[in-house]
Amino acid sequence: AYLLTVILSAMIAALGMRSGQTAVVIGAMVIAPLLGPTMGMALAATLGDWRLGRRALTTLVVGVVAALAFATALGGLVEIDLAVPELLSRSIVRPADVALALASGAVGVLAFSQGASLSLVGVMIAVALVPPLAAAGLFFGHGYGALGFSALFLFTINLVCINVAGIVMFLVQGLPPKSWRLTGGILTVWTTMLLILATLIAGRVAFGVASVELVSRLVEVLKGR
């Protein structure tokens, strides 16, 4: 059931982005099959629960591989227009995306711990995991490697930010870790990854790699090859 949900979500997101239908893409965001295991990883890191952490990580990896593989196969079967904003936007990562993902991850943990389903729906839409994967698959399926890796970069940013914000918010709410050293170590690893990614974003912005204009020129080159 989980794999089918991931694959169908990736299909909905991919076809919605391909045709530029924002409402369809939002539908894929609301399904959000990868948000559960991501939150599970943050909870496991906070509690120091290795069994939960392994299950959450395995579930997430399987879902990511399934979504990416299916979207790549789909990308080889359908035509895409690189100029469609819904698709092109998944290949552009800006510093504001980091702040958005951190804030959304924090709100997601609060909604998760308090059972606020409406707030969780908002988080699913604000920090989506499946659409960047689906976009990467479509790009890879057409041989647009640079755009595909940019979409994977956005996915990675969202994933890391959710875990950093999730662990911090679980601790703020008073969830007691079994070992502060273990939880602190895991949080340090996630934070280091976030700093590295943020540095890469800053470098991309400084050299204009993350600009809409440059990506648009790259699209023109790829379409004319």
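1. Residue V130 and its surroundings. In this predicted model, V130 is buried, with a relative accessible area of 3%. The residue is placed in helix α8, which spans residues 130-141. With neighbours within four places in sequence left aside, V130 is in contact with S9, A10, A13, P33 and L34. A further relation concerns V130 and A14: 116 residues separate the two in sequence, whereas their C-alpha atoms are 9.1 Å apart in space. Because buried means under 20% relative accessible area, the value of 3% places V130 in that class.

2. Residue L34 and the nonpolar core. L34, one of the contacts of V130, is also among the residues with the most contacts inside the largest nonpolar core, together with L87 and F139. That core has 64 residues. Beyond its neighbours within four places in sequence, L34 is in contact with Y2, V6, L60, G63, V64, L129, V130, L133 and F155. The contact between L34 and V130 therefore appears in the contact lists of both residues, given that contact means heavy atoms within 4.5 Å.

3. Origin of the core residues. Which elements give two or more residues to the largest nonpolar core? They are α1 (2-19), α2 (22-31), α3 (35-47), α4, α6 (95-114), α8 (130-141), α9 (145-172) and α10 (180-206). Helix α9 supplies the largest share, namely 16 residues.

4. Overall architecture. The chain contains 11 helices and zero strands, so that, in order from the N terminus, its elements read α-α-α-α-α-α-α-α-α-α-α, helices and strands being DSSP runs. Of its 225 residues, 47% count as buried. Among contacts between residues at least 6 apart in sequence, 79% join residues at least 24 apart. The accessible surface of the chain amounts to about 10,400 Å², and carbon and sulfur atoms account for 71% of that area.

5. Helix α4 and T59. Helix α4 covers residues 50-75, and T59 has its place there. Is T59 buried or partly exposed? T59 is partly exposed, since its relative accessible area is 29% and the partly exposed class lies between 20% and 50%. Its contacts, apart from neighbours within four places in sequence, are Y2 and P37. Y2 is also in contact with L34. The C-alpha atoms of T59 and G36 are separated by 9.3 Å, with their positions 23 residues apart along the chain.

6. A nonpolar surface patch. L57, V61 and V65 form a nonpolar patch on the surface, and their accessible area together is about 250 Å². V65 is found in helix α4. It is exposed because its relative accessible area of 52% passes the limit of over 50%.

7. Helix α1 and M11. M11 lies in helix α1, an element that gives two or more residues to the largest nonpolar core. M11 itself is partly exposed, with a relative accessible area of 30%. M11 and A67 are 56 residues apart in sequence, and the distance between their C-alpha atoms is 8.4 Å.

8. The aromatic pair. How many aromatic pairs does a search of the whole structure find? The search finds one. The pair is formed by F140 and F149 in an edge-to-face arrangement, at 5.2 Å centre to centre and with 75° between the planes. The arrangement counts as edge-to-face because the angle of 75° is over 60 degrees. F140 counts as partly exposed, at 26% relative accessibility, whereas F149 is exposed, with a relative accessible area of 57%.

9. The salt bridge. A search of the whole structure finds one salt bridge. The side chains of R90 and E86 meet in a salt bridge, with an N to O distance of 2.9 Å. Both partners are buried: R90 has a relative accessible area of 11%, and E86 stands at 15% relative accessibility. Each is assigned to the buried class because its value is under 20%.

Methods
Residues numbered from 1 in each chain as written. Predicted model: local features only at pLDDT ≥ 70, side-chain atom pairs only at ≥ 80, totals over all residues. Heavy atoms only, no water. Helix = DSSP H or I, 4+ residues; strand = E, 2+ residues; numbered from the N terminus. Buried < 20%, exposed > 50% of the residue type's maximum accessible area, 1.4 Å probe, protein only. Areas by Shrake-Rupley, 256 points an atom, 1.4 Å probe, with all protein chains shown as cover. Patch = residues over 30% accessible without salt bridge, like charges linked within 9 Å, V, L, I, M, F, W, Y side chains within 5 Å. Salt bridge = Lys/Arg side-chain N within 4 Å of Asp/Glu carboxyl O. Phe/Tyr/Trp six-rings, centres within 6.5 Å; stacked < 30°, edge-to-face > 60°. Core = buried A, V, L, I, M, F, W, Y, C linked by side-chain atoms within 4.5 Å.
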